[in-house]
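Trainee: I would like to go through the reasoning behind a few labels. Could we take them one at a time?

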Amino acid sequence: MHDYQSNLDSSVPLDLGPDGSGPLYERLARALREAIRCSRLPAGSLLPPSRILAADLGCSRWVVTEAYAQLATAGYVEARTGSGTRVRVPGTTPARPRDQPPASARATGRIDMAPGLPDLRAFPAARWAAAVRSAAATLSIADLGYPDPAGHQALREVLAEYLTRARGAQADPGHLTICASATDGIGRICRALRRAGCRAVAVEDPGWHRAREVAGAAGLAIRPVPVDDHGMRADLPSDVGAVIVRPAHQFPAGVVLSAPRRAALLDWARRTGGLIIEDDYDAEYRYDRRPVTAVQGAGPSHVALLGSVSKILSPALRIGWVVSPPAWTSALREPPAAAPPVLDQLAFAAFLRSGSYDRHLRAGRKRYRARRDNLVAALTASIRRPPSQAPPPDCTCYSAQAPKRTARLSAVTRSSWASGSRTWTDTAAASSHGKDWYSATGTWPTIRSMKASHCSRQPSTGYRVRAGYRCAPA
Ligand SMILES: Cc1ncc(COP(=O)(O)O)c(C=O)c1O
């Protein structure tokens with residue numbers, strides 16, 4: 001077994017390919033995969049710590065951890081807490097990748113596209129544990145008595161600050177109620193509305209089924225209102241006393257409520273005395289435009305703003321909140337409504353105060369953004385290339401190896417030859433440069449002359465690697 005503790009870049013050559021050939025973490029994953037396939041990184045060898053490799057490559061550590069995560073998911077490497085990331089020894093059962101949920105929690109498909117959960121593998125367990133320890137260590141005697149149905153004052157204060165800063169809300173701790181989840185908050189509001197004589201509520205169509213169920217269970221009639229490219233329509237049925245809406249991130253369409261619609265909804269609430277129930281669902285995540293602030297900030301007397309940690313940390317924590325118009329606050333705190341356990345509330349307060357929540361959000365945004373971009377690119381590519389024009393599988397990508405000299409044709413496709421100006425990576429001239437690997441860019445005639453020594457042209461499929469060279473799809 002070899003331990004490559006050293007700078008991998010100098011001890012094992014990594015061919016990251018040309019700059020324009022995809023995101024760096026993907027190019028790095030590809031290069032490491034290649035090094036493993038060619039046994040330049042032998043089974044059992046230790047990959048460098050992400051911090052060191054990131055410094056070597058002059059990139060962020062995230063690039064390296066994401067590349068390692070891809071390789072772990074594909075079974076090339078395995079990461080064990082405390083002993084680093086190693087190339088997997090064939091025949092061993094791959095350890096469950098650190099960031100992969102247990103089989104029972106996984107969907108049966110290759111990619112779980114189900115909505116509703118954040119990446120639970122990324123739950124910041126160590127930082128949450130630190131927050132719980134700090135909360136337990138600073139508990140006062142009063143904290144151990146019967147909890148305030150409004151939620152703990154310390155959490156309401158720090159959360160109000162966060163919502164003001166991050167969501168543009170007008171959040172007064174006095175009218176911020178801590179509950180178990182956004183669903184719990186919607187239930188409390190709907191029951192309060194019903195007690196106050198409201199009969200019907202408008203909901204988005206299509207929309208989130210749980211909101212309808214909860215409102216229906218509170219005795220309210222449901223009035224579906226269509227959603228279009230601008231979000232929910234603002235011409236609400238005349239008999240509704242409230243509307244449940246997701247202005248920042250409509251579910252499931254993902255659209256943002258347009259500025260005229262936001263204004264029209266607020267106008268409706270002011271004219272009729274109706275209540276806007278703003279489910280601030282997934283508002284912190286926005287990849288295709290600037291995040292929008294909460295409608296509540298523009299009309300705190302007419303809007304109840306709801307949120308929870310379910311989509312950012314975990315729904316298992318059971319922590320949510322409602323910032324309500326003053327007229328509704330006490331109704332939301334009536335029994336049997338109860339705040340989550342005080343220790344959990346104080347842990348969340350410590351988590352927010354320490355900046356861990358912001359840090360976790362920043363990391364999540366990057367992570368989800370990269371995944372989304374991958375998915376969009378893959379879907380775009382598969383939609384744009386009709387099957388009849390797809391290059392035959394044997395000329396898509398070659399990697400050829402000879403015992404002394406490594407030669408590789410990367411991503412040489414029939415269509416790329418035809419264009420005559422594609423970027424390519426080649427190692428044919430490697431030995432003359434005293435290296436195993438050599439990268440260059442060139443055009444079709446250059447490729448032809450450089451490849452001639454180890455490849456032969458096939459009339460219909462393009463270049464094939466000559467006999468004597470091992471060839472495997474890259
Ligand atoms: C649209 C929408 N809003 C709100 C929620 C709230 O989740 P929770 O009740 O766990 O806070 C969900 C959960 O999936 C959702 O899909």
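Mentor: Start with contact: two residues are in contact if their C-beta atoms, placed from the backbone, lie within 7 Å. The model here is a predicted one. By that test Leu24, Tyr25, Leu28, Ala29, Leu32 and Arg33 in helix 2 meet Val63, Val64, Glu66, Ala67, Gln70 and Leu71 in helix 4. The residues of this contact comprise nine nonpolar, one polar and two charged.

Trainee: Why are helix 2 and helix 4 called oblique to each other?

Mentor: Helix 2 (residues 24-37) and helix 4 (residues 61-73) pack at about 50°, their axes being 8 Å apart. Angles under 35 degrees count as roughly parallel and 65 to 115 as roughly perpendicular. The angle of about 50° fits neither class, so the pair is oblique. As for hand, their crossing is right-handed.

Trainee: What makes strand 3 and strand 6 edge strands?

Mentor: The open sheet has eight strands in the order 3-10-9-8-7-4-5-6, with mixed pairing. Strand 3 (176-179) and strand 6 (231-232) each have a single partner strand, so one side of each lacks a neighbour in the sheet.

Trainee: How do you know that strand 7 and strand 8 pair?

Mentor: Pairing takes at least two bridges. Four bridges join strand 7 (residues 240-245) to strand 8 (residues 275-279), and the two run parallel. Valine 243 lies opposite isoleucine 276 in strand 8.

Trainee: Which residues come nearest to the ligand?

Mentor: Of the 13 residues around the ligand, they are Ser181, Ala182, Thr183, Ser308 and Ser310. The shell as a whole has five nonpolar, six polar and two charged residues.

Key:
Residues numbered from 1 in each chain as written. Predicted model: local features only at pLDDT ≥ 70, side-chain atom pairs only at ≥ 80, totals over all residues. Axes fitted to C-alpha atoms, helices over the stretch in contact; angles between N-to-C directions. Parallel < 35°, antiparallel > 145°, perpendicular 65-115°, else oblique. Left-handed = near helix turned anticlockwise from the far one by under 90°. Nonpolar A, V, L, I, M, F, W, Y, C, P; charged D, E, K, R; others polar. Near = placed C-beta within 6 Å.
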